[in-house]
Amino acid sequence: MKKNIIPFFLICPFVLSCDYLDTKYDMDITTEMVESDYTKVAQIGQSVYAYVKSGLWELDGNLSAARSDEAVQTTPGLTVSLYNNGSWDDLTNPENYLYDEFYKGIRNANYFLEYSADYKELLLVNRDTISDGGKEYRRDIDNIRWMRAESRVARAYYYFELQKRYGGVPLVTESLTDNKFFPKSSYERITDYIVSEIDGSIDSLRLTWQNSYGTVEGDKTRDGRFTVGAALALKSRALLYAASPLNNPEGDREKWKDAANAAYEVISMNQYSLDDSYSDLFVGAAALGSPEIIMAYRHSPENTLEKNNYPIGTPGGNSGITPSENLVSAYEYVGEHDSGSSRYENLDPRFYATIVYNGCEWNGRIIDISKNGQDSYLNNQSSKTGYYLKKFMAPNLYLQQDEMERHIWPIFRYAEVLLNYAEAMNEAFGPDGLNGKSLSAKDALNMVRSRPGVNMPLVTTSDKDEFRKAVRHERQIELAFEGHRYWDLVRWKEGDVLSEDILGVRVSDDVSPVGYEKIVVEKRVFTVPKMYRYPFPYYEVQRSNGILEQNPGW
Amino acid sequence: MQTFRNIKNLGLCLGLMLVPALETMSQEKAGKAKASPEIMFREDALLTTSAITEISGQKLAKTPTTNIMNTFYGYGTGYYLQEGSGAPDDNAAWLKIRGLGTFNSADGYTVFVDGFQTDMSYAQRLLPAEIENIYILKDGAALSTFGMKGSNGVLWIETKKGHSGKPEVDFNFRQGFQRPLVISRPLNSAGYAMYYNEAYSNDAGGKAWTPYYSDEQIAAYKNGEGPDVDWYKEVLKEDPALFTSADISFSGGTSNMKYFAVLGYMNNSGFIDNKRDKDRHFSNTTYQQYTLRTNFEVSFLKIFEAYIGVGGYIADRSAPNYDIATLFGNLESYPANIYNPYDSDLINPDGSRRWSGTAVHPDNPLASVKGLGTRSSRDRSVQANFRLKEKLDFITEGLYLEEAVSFSNWIRGSKTVSRNYTRWYDGVEQTSDRDASYTISDDYGTNMWKWIQLRAQLGYDRKFGSHSVTGALKYEQYSRMVDADMNQYGFPGYLEDNLQMNYAYQNIAGRFRYSYDSRYVAEFGFAYSGSDNYMKGNRFSFYPSVSAAWIVSNENFLEDTESINLLKIRASWGQSGYDYSSYGRYLYDVTWTTDGGYPVGGLDNSEPGWINALTPSYLANPEITSERNTRYNVGVDARFFNAFDVNIDAFLEDRTGIVVRDQTYSSVVGLDAPFVNAGKVVTKGLELSLGYDRKIGPVELCFGFRGTYITDRVDFNGEIPAASAAADPVGHRIWTYFGYEADGFYTEDDFGPDGNLKTGLPVPSFGHVQPGDVRYKDLYPDGIINERDKTKIGNRNFPALYYSVLGFVSYKGFDFSFVLQGTGGSDVNLLDARSKFVPFENYSTVYGYADKSWAYYPEQGIDRRAGAEFPRLSTVTNSNNSQASSLWIRNGAYLKLRNVELGYTFPKRWLEKIRMRNLRIYVNAVNLFTVSELYCKYDVDPERLTGYPAVKSVNIGLTFGF
C-alpha cells in the first residue's frame with residue numbers, strides 16, 4: 001500500500017492533466033458514433049419527418065374542427081376555447097409551440113442537406129463495395145439521394161405550415177449553431193422558396209413507395225414518405241393559398257393560373273383517382289392503398305379519438321367534438337326535400353358518413369337527443385349541438401375493454417387537388433375555361449360530386465361568382481373535419497363566418513315527424529383583420545430585440 | 001487551564017443538550033471535549049474558525065425508524081429537514097443545508113462517512129448505535145477543502161471508535177408502534193352522490209337541479225345496499241405497524257490497539273394489511289436490516305498508526321407488486337361507490353373470487369395489494385476503509401504522512417412474483433386484463449453503484465511556545481460507477497440495459513492554521529478540483545478560503561471574569577463549487593437522441609413501422625463548467641454565568657454560474673438552446689441558538705432554542721422576462737408562487753340573460769365561466785385575464801423560518817425531554833394535492849371540505865354562497881378554477897412535537913450488584929401532535945400533502961451495558 005501510494009502522491013500535480021477524468025457515459029450517441037454508422041446517417045435524414053403533423057392530434061389532442069364553424073368542443077376549458085372566445089394572443093396561442101417545432105423540422109432538413117452534401121464519399125468510409133458487387137452501396141446511395149430530395153420537400157412543408165399561420169416568416173436555409181435572428185421574409189418570398197424547392201427536388205423523388213417502377217423496387221414499408229405526387233400536391237396547396245384573397249389582395253390573376261397549373265400537374269400524373277367509397281375512406285386503415293390518398297399519416301391502433309368523441313351516453317365516450325348545425329345545414333338534399341319526411345332523410349350521402357344525428361344508429365344503439373333520451377341535452381356533457389362526429393371514428397369500439405383501431409389521416413388526397421384545381425381555374429378562366437388543359441373547373445368539381453356512392457347532382461352554373469360559391473361549399477362538405485375549413489375561411493377572408501353563432505338543434509316535443517328547433521350553443525369572437533394572421537410567440541419577439549416584427553394588431 | 005474548562009462548558013449544552021444527563025456528566029468527568037470533526041485534521045473545538053452543526057449519535061436513537069434522516073429534526077441550526085413518506089423502505093427525509101441556495105434541482109448536499117464520500121443509499125441506513133456524531137458543515141471555512149463537492153454543504157458522519165480501557169458491552173432494544181400521522185378520508189357513497197349531483201347540475205349550467213343520482217340510489221347507499229367502500233379501511237391494517245430494533249456493541253482496547261464493533265437488527269412493517277385472505281393473497285411493505293461494523297485501530301513500530309473500518313448492511317424488503325405511490329394516489333381518488341372489492345360471490349375456476357374493476361377505475365386498491373403478487377429486493381452495501389499514518393517526527397517534529405483507501409458499494413437484487421387479474425363489473429369483464437397465473441422474474445443486481453477512493457496526505461502539527469501551526473495537504477481521487485438503471489439525473493434519450501456510467505473526480509486540497517496563545521486564529525484553505533463533466537481545459541477550478549477567530553474570553557482583561565465563560569468571534573470567507581446540474585453531464589459535447597419520428601408502411605393490414613429521427617439533444621457549450629458559491633459568515637459563540645449559551649451566525653451566499661438554458665436563443669435556430677453558467681442566486685440567513693442549563697440540587701434542567709431564518713433572491717435565471725413583470729421569478733425568492741389574484745366568485749349578477757359575462761367584465765381566457773367560478777383580477781387592464789395578469793400569490797413551499805424548542809429535565813433517576821419543531825414563512829398550493837382538493841376531476845372522489853365550495857340551489861335548500869372557500873363543484877376539469885391562484889394558497893407553517901420521552905435510569909448501586917454498568921428504560925412518542933392550518937382544517941400533513949403518510953409512533957426502549 002505504502003509503496004504504491006507514495007510515488008503516486010508525489011507525482012499528483014502532474015497526473016491532474018492526465019486522462020483520469022476522461023469518462024463518458026455510454027448512454028447517449030456521440031458525434032463520433034453518428035459518423036461511423038450508416039444507420040445513424042439515415043436516421044438524421046429521417047429527422048426531417050419528425051414534425052410532420054397528423055390532424056387527429058392537432059388541437060387539445062383532438063381534431064381542430066372545433067375552432068371553425070364545423071363543430072364545438074363539449075369538454076369545457078380546453079385550449080380551443082381561447083380561439084373561440086377570441087382571448088388568444090401572443091402568449092396564450094395554443095399553437096405557439098408549432099413555431100418552435102416547424103423551425104426544428106427546417107433545421108433538421110438544413111442540417112441533413114449540408115451533412116450529406118458529399119454523401120457518396122461519406123458512404124464509402126469503411127465500406128466493402130466489392131463482395132456483393134457494390135449492390136448494397138448503390139442501394140444506400142439511392143436511399144440518401146431520395147432522402148435529400150424528401151428533406152427539401154419536408155422543409156417546404158414546414159415553411160408552408162408556417163406561412164399559413166403567420167404570413168411572412170424568417171427564411172432560414174442553413175443550419176445555425178449560433179444565436180441569430182432574421183426579419184420576416186414576405187409571403188411571396190416564402191411561396192417562391194417552397195415552389196423552387198419542390199421543383200428542384202422532383203427529379204430525385206420516388207414516384208411511389210408501394211410499387212416498383214423502372215429498375216427501382218417497391219418498398220411498402222416506407223410508404224408514407226414524400227413522393228412526387230405529395231410534393232406536387234403541396235405545391236398546389238401552397239400556390240392556391242398564395243393566390244387567395246388574403247395573400248393576393250391585388251387579385252393578381254397570374255397567381256391563380258400558377259395555382260391551377262400546379263394542381264394540373266398532379267392531375268396529369270394520372271396516378272391518382274377518387275376512391276369508390278367516401279364512407280369507407282376515413283375508417284380504419286382503408287385509406288392505405290386507396291388510389292385517392294397521395295400522402296397519409298398512419299396511426300398505430302389506438303382509441304383516443306373514440307374516447308374523446310364517442311357520445312357520453314356510450315360508455316367510455318366524452319362527446320368531444322360535436323358537429324354544428326351550421327355544417328349540417330350546409331349539406332344539400334338530393335332533389336326536393338319532402339317536408340313530410342324526416343329532417344335527415346335524403347341528404348348528401350357524405351352527411352351520413354360524417355355526422356351522427358338524432359335517430360340514427362351508432363355503436364349499436366339509436367341516438368336519442370330528446371329531453372328524456374339517452375343523449376338528452378340535459379345530460380351533463382351530452383352534445384350541445386345534438387350531433388356527434390362520425391368521420392374518422394372507428395365504429396363499435398368497446399372502450400371499456402380498451403379496444404383499439406387504426407386511424408389514417410390524409411395529409412394530401414386527390415379530391416382536395418381537384419377542388420384546388422376547380423377553385424383556381426374558375427378564378428383564372430371561369431367555370432368552363434380550359435386554357436389548353438383537358439379539364440375545366442366545372443369538370444373537376446363535378447368529378448368530386450359524382451364519385452360513386454356520392455352521386456350528387458352536377459353543378460351547372462357558368463357564372464364565375466356562383467361557381468366560386470359552389471367550390472367553397474364543396475370544400476366545406478367534401479373536406480369536412482380534415483383541417484381545411486378554418487384555413488379556407490381565413491384565406492378567403494371570410495372572418496365573419498368564424499364569428500357567427502354556432503347553432504345546434506333541440507327536438508321540439510309532440511311534433512310528427514320529429515321537429516327540430518335551432519338554438520345558439522356557442523358565441524364566437526373572431527377579430528378581423530388581426531386574427532387572419534397568428535401573432536409571433538411573445539418570447540420570440542421579446543428576445544429578437546426588434547428584429548422580428550410582430551404581426552399587425554397583436 | 002481556563003481554556004479547557006471553557007471547552008467543557010461549551011460542550012455541555014450546545015449540542016448534547018438532550019443526551020441523558022448522566023451520560024453528559026460522565027463525559028464531563030472523563031474530560032471529553034466537545035466533539036468536532038476530523039476534516040484533514042481533527043478540528044479543535046475552541047480554535048475552529050468554521051460554522052459547524054453537530055448532532056450526537058445518541059440522540060438519533062430517540063426516533064425509531066429505519067432511516068437516520070428522520071432522526072434529527074430540530075437539533076441544530078442551519079439545516080432544514082422535511083419529513084417524507086413513512087414507508088419502511090422509502091422514508092428519507094429531505095435535507096437542505098442553509099436554504100435552497102439554487103434553483104438547480106439536481107443540487108444536493110454531499111455525504112461523507114468516516115472521511116470518504118458515499119451515497120445516501122449507504123449512509124441513510126447506518127444505525128444510531130454506530131454513529132458517534134453527525135456534522136453539518138455550513139460555511140466557507142468548514143467547506144474549504146471540498147472543492148466541487150461543497151456548494152450545497154456537506155453531511156459528515158463519523159462512526160464510533162474504540163477506547164482504551166476494559167471492554168464494554170452495550171445493548172439497545174427498541175419496540176415501536178406506528179400509525180399514519182394523518183389520513184384524510186374521502187366521503188362515503190351517500191356524501192359522494194349528494195355532492196356529485198350538485199357538481200352535475202353545475203356542469204349543466206347551474207340553473208336547474210339535474211341530479212345524476214336519484215334519491216332512491218342515495219337512500220340505498222345510506223342503507224348499505226349500494227357499494228360504500230372505505231378503501232383505506234380495506235387496504236390498511238387496523239393494528240399499528242411494528243418497528244423492532246436490537247443492537248449490541250463492543251468496545252475496548254489498550255494504548256496500542258482499540259476496537260469497536262456493532263451488530264444490529266431492524267424490522268419494520270408498513271401500514272398495508274398483510275393478513276392472508278382465503279385466497280392466500282398477502283403482502284405488505286416490510287423492511288428488515290442486518291448491520292455489522294468493526295472499527296479497529298492499531299499502532300505499531302512507534303511510527304505507524306493503522307485504522308481499518310468496515311461497516312455494511314443487508315436489507316431485505318418486500319412490497320405488493322404495485323407501485324405504492326400510485327396505490328396511495330388511488331386510495332385518495334377512488335370514490336366509495338364505484339364497486340365492491342369483489343364483483344360478486346362468483347368463484348373463478350381456481351377457487352378465487354372475482355375482483356372488481358372498470359375502465360375508469362381499473363386498479364381496485366385491494367386487488368392492487370392482493371391480486372398482483374409481490375416484489376421483493378435484497379440490498380447489500382458495505383464501506384471498507386483503510387488508513388495508514390506514518391509519524392515522521394524523525395525528519396522534523398510534527399510531520400506525518402497518511403495514505404488511505406476506501407471501497408464502497410451497494411447492490412440490489414430483486415425478484416417479482418407477478419400475476420394479473422380480470423376486472424369484473426356486474427359480471428362482465430372490463431378492460432383487456434385477464435387472470436393470469438404467477439410468473440417469477442429475477443434481477444440479479446443490475447442496480448448497483450461502487451466507489452473506489454484513494455487519498456494521500458502530508459501533515460504538520462507543532463507548537464512553538466505560544467505559536468501553534470497545523471496544516472495538511474492532500475491529494476484525493478475517486479472513480480465511481482453507477483448502473484444505468486440507477487441514473488438519477490434524468491439524462492435524455494437512448495437507454496439500453498446494463499449500461500454503466502462512470503464518474504471521476506480529482507482534488508488537491510489544503511488547510512493551514514496558525515494560532516497564537518489560544519487567542520488569535522487564522523486559517524487558509526483551498527481546493528483545486530477537477531470533474532469529468534467538463535471539457536478538457538475547463539475541468540479544474542480553484543476554490544480558496546480564509547477565516548479567522550478571536551477568542552476574546554482568553555484575553556487578559558476577561559480571563560478572570562466569572563460571568564463570561566466563553567466569548568469567541570469568528571469570520572470566514574470561502575468558495576466552493578458543484579459539478580452536477582439538472583440538465584445532465586457533458587454539456588460541452590453534442591449528444592444525439594432519437595426522440596420523435598414518423599410512421600411509415602402499414603399496408604396490407606400490417607403494423608405501421610416507425611422511422612426514428614436522430615437529432616442533437618441541444619447545442620453544446622464548450623465553456624460549461626462548475627457553478628461557484630462564495631460564502632461569507634460571521635459568528636459569535638458565548639457562554640455566560642456557566643448557564644447561558646448563545647451562538648449566532650450570520651451568513652451570505654453568493655452563488656454564480658448556475659447552469660441554465662440560454663433562453664435568448666431564437667426559435668429559428670431550430671435546436672434546443674445551449675446551457676450556460678449564468679444563473680445567480682443570493683442567499684442570506686441568520687442562525688440563533690440559545691441554551692440554558694442548570695443543576696439545582698437533584699434537579700437538572702436544560703432548555704434550548706434553535707432558530708434559522710433564511711431568505712434568498714434569484715438574480716438571473718436565463719429566462720426571457722415574464723410577460724407580467726410582477727410574476728417574473730427574477731428578484732423573488734426561489735420557488736415563489738406566481739399566479740392570478742382571486743377576487744371571490746362570479747355571481748348571478750355578472751352574467752347577462754344569455755349566460756355570458758356582461759360586457760365590461762374582464763374575460764378569462766380559460767373557457768366559459770358561470771356563477772361560482774373563480775373571478776380573477778385583471779391586473780393588466782386589457783379586459784382579458786391571461787398570463788399578463790399574473791403576480792406573486794404567495795411564499796414558496798419552503799420555510800423562511802425553521803425553529804425548535806428543546807427541553808430536558810431530570811430528577812434522580814427520572815428524565816424527561818421533548819423536541820418541538822416548527823416552520824414559518826412558507827405557503828402551500830392546494831393544487832399540489834389535486835385529488836384531494838379538486839373533487840370529481842378525472843373520476844376522483846370528494847372530501848368533506850366540499851362543504852366549503854360555492855353552491856346555490858334555493859329549491860333544494862342549498863346556499864353556500866356566503867363564506868365559500870372553494871369554487872363551485874364540477875365533474876370535469878375546470879380550467880378556469882384550476883389556474884394557479886391565490887385562492888389555493890394556504891399557510892404552510894406548522895409546529896410538531898417531534899419527540900417526547902420519559903426515561904428511568906436505575907441507580908448505580910443496584911446495578912453494581914449484578915455487575916451492570918448502566919440500565920435505562922424509556923417510553924417515547926414521535927410526531928405526537930401537529931399544529932397547522934392544513935392539518936387542522938383539512939387533515940392534511942403540511943409536510944406531505946399526498947401519498948404514503950408520514951409516521952407517528954409510540955415506542956418503548958431498553959438500554960443496558962456491562
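This note goes through a predicted model point by point, from chain B to its contacts with chain A and some local backbone features.

1. Overall form of chain B. Chain B carries 13 helices and 50 strands. Its radius of gyration is 31 Å, which agrees with the value near 30 Å expected for a compact globule of 962 residues. Along the principal axes, the C-alpha atoms of chain B fill a box of roughly 95 × 70 × 65 Å.

2. Burial and contact range in chain B. Of its 962 residues, 50% count as buried. Now take the contacts in chain B between residues at least 6 apart in sequence. Of these, 72% join residues at least 24 apart.

3. The interface. Here 80 residues of chain A are in contact with 82 residues of chain B. Several elements of chain A give two or more residues to this side, including α1 (2–10), α4 (38–46), α6 (96–115), β3 (293–302) and α21 (538–543). Which element gives the most? That is α6(A), with seven residues. By class, the side of chain A that touches chain B has 34 nonpolar, 27 polar and 19 charged residues.

4. A sheet across the two chains. The interface also involves strand pairing. Two bridges join β1(A) to β27 of chain B, residues 591–593, and the two strands run antiparallel. Within this pairing, A:I29 has B:W592 as its bridge partner. The full sheet is open and has three strands, in the order β1(A)-β27(B)-β30(B), with antiparallel pairing. The edges are β1 of chain A and β30 (615–616) of chain B; each has a single partner strand, so one side of each is left without a neighbour in the sheet. β1 (29–30) is also among the chain A elements that give two or more residues to the side touching chain B.

5. A five-strand sheet in chain B. This sheet is open, with the order β3-β8-β9-β6-β7 and mixed pairing. At its edges stand β3 (52–56) and β7 (116–118) of chain B; each has a single partner strand, so one side of each lacks a neighbour in the sheet. The twist averages 25° from one strand to the next. At the β7 end, three bridges join β6(B), residues 110–113, to β7(B), and these strands run antiparallel. B:V111 stands opposite B:T118 in β7(B).

6. A cis peptide bond in chain A. Most peptide bonds are trans. The bond from A:V528 to A:P529 is cis, with omega near 0°. A:P529 is found in the loop between β11 (515–522) and α21 of chain A. That helix, α21 (538–543), is one of the elements that give two or more residues to the side of chain A touching chain B.

7. Positive phi at two residues. Most residues other than glycine have a negative phi. A:S319 is not a glycine, yet has a positive phi of about 65°. It lies in the loop between α13 (304–309) and β4 (321–323) of chain A. B:N842 is not a glycine either, and has a positive phi of about 50°. Its place is in the loop between α11 (834–837) and β44 (856–857) of chain B.

8. Surroundings of these two residues. Is A:S319 buried or exposed? A:S319 has 26 other C-beta atoms within 10 Å. The cut-off for buried is 20 or more, so A:S319 is buried. B:N842 has 11 such atoms within 10 Å. Exposed means 12 or fewer, so B:N842 is exposed.

Technical notes. Residues numbered from 1 in each chain as written. Chains lettered and ligands numbered in written order. Predicted model: local features only at pLDDT ≥ 70, side-chain atom pairs only at ≥ 80, totals over all residues. Helix = DSSP H or I, 4+ residues; strand = E, 2+ residues; numbered from the N terminus. Rg over C-alpha atoms; globule rule 2.2 N^0.38 Å. Contact = placed C-beta atoms within 7 Å. Nonpolar A, V, L, I, M, F, W, Y, C, P; charged D, E, K, R; others polar. Pairing = 2+ DSSP bridges. Axes fitted to C-alpha atoms, helices over the stretch in contact; angles between N-to-C directions.
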